[in-house]
Amino acid sequence: MAACIARLKAVLDTDKNIAPVGERIEFKFVRDTSLRTILERDYIEIQKAFIAECWKSVVILAGGSIEAILLDRLSQDEAKARSAKCAPSDSDLSRWDLSDLIKVAIELKIVEASAGMLTDAIRQYRNLIHPGYELRNKMSIDRLEAHGGLNILNIVHRDLSR
C-alpha cells in the first residue's frame, strides 16, 4: 500500500519539476551482460529511491551506474584505454575509480567534456557514501542533487546509446 501511495504521489508531484520515474530504459550498448544486468536492476532501484525520497541513495546508485557504463565502454578497447595519457598505472580497469574512468573517457572522446564535468560532479556527491567525507565537506543532499544525479545518468545513457 505504501508503495502504491508513493507512486501516486510521484505522478501527482508535477509542480516540483522532477523527471518522470517508473520508466524502463535499455542498456543495449553495454556489452558486458553482467554489467548490463546490474545497470538494469540499479536503474529501477534508483527510481524507487527517488519516489521514496531517499536522495543520498539515488546519487550513490547513479554514480555507480555511470561508473559501470564507462567501465564497459573502456573495456571494449582496453589497450587504448590503458595507453591514454591520463590513465592510472593499474592495468586492471575494474580497479580504476570513477575519476579515472571519466578522465580517460573524455580523453578518448567517449563522452563530451561537458558530460565529463557533470559526471565529475556526481562523483563528488557519490563520495557521500563515506560519512567522514560528508562531515569534512559539510555536504548535504536533497531532491535537487538526486534529480541532477538521475539526469546525469540519463545524459550519459543517451550519449552512449547513439
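**Figure 1. Span and N-terminal end of helix H8 in the predicted model.** Helix H8 covers residues 143-160 of this predicted model. With 18 residues at 1.5 Å a residue, H8 should span 26 Å, and this agrees with the separation of its end C-alpha atoms, which are 26 Å apart. At the start of the helix, the backbone nitrogen of Leu-144 has a side-chain oxygen of Asp-142 within 3.0 Å.

**Figure 2. The buried residues of helix H8 and their packing partners.** Arg-143, Ala-146, His-147, Gly-149 and Leu-150 are among the buried residues of H8. Further along the helix, Ile-152, Leu-153, Val-156, His-157 and Leu-160 are buried as well. The buried residues of H8 pack against three helices: H2 (33-51), H3 (55-75) and H6 (113-126).

**Figure 3. The largest nonpolar core.** This core comprises 44 residues, of which Phe-27, Ile-69, Leu-70 and Trp-96 touch the most other members. Two or more residues each come from H2, H3, H5 (98-107), H6 and H8. The greatest contribution is that of H3, with 11 residues. In soluble globular proteins, nonpolar side chains tend to be buried together.

**Figure 4. Contacts of Ile-69.** Leaving aside residues up to four places away in sequence, Ile-69 touches Phe-27, Phe-29 and Leu-39, together with Leu-153, Val-156 and Leu-160. Leu-153, Val-156 and Leu-160 also appear among the buried residues of H8. Ile-69 and Phe-27 both belong to the group of core residues that touch the most other members.

**Figure 5. Cysteine residues Cys-54 and Cys-86.** Cys-54 counts as partly exposed because its relative accessibility is 35%, which lies between the limits of 20% and 50%. Cys-86, at 28% relative accessibility, is likewise classed as partly exposed. The structure holds 0 disulfides.

**Figure 6. Helical organisation and confidence of the protein chain.** The chain has 8 helices and 0 strands, giving the pattern α-α-α-α-α-α-α-α along the sequence. Of its 162 residues, 41% are buried. Among contacts between residues at least 6 apart in sequence, 63% join residues at least 24 apart. The mean pLDDT is 85, with 88% of residues at 70 or more. Confidence is highest in helix H4 (residues 78-82), at a mean of 96, and lowest in helix H1 (residues 2-12), at 64. Over residues 14-20 the pLDDT falls below 50, and this stretch has 10 contacts in the model beyond near neighbours in sequence.

Methods. Residues numbered from 1 in each chain as written. Predicted model: local features only at pLDDT ≥ 70, side-chain atom pairs only at ≥ 80, totals over all residues. Heavy atoms only, no water. pLDDT = per-residue confidence, 0-100. Helix = DSSP H or I, 4+ residues; strand = E, 2+ residues; numbered from the N terminus. Contact = heavy atoms within 4.5 Å. Disulfide = S-S within 2.5 Å. Buried < 20%, exposed > 50% of the residue type's maximum accessible area, 1.4 Å probe, protein only. Expected span 1.5 Å × (residues − 1). Polar contact = N/O pair within 3.5 Å; in protein donor to acceptor, adjacent residues only side chain to side chain. Core = buried A, V, L, I, M, F, W, Y, C linked by side-chain atoms within 4.5 Å.
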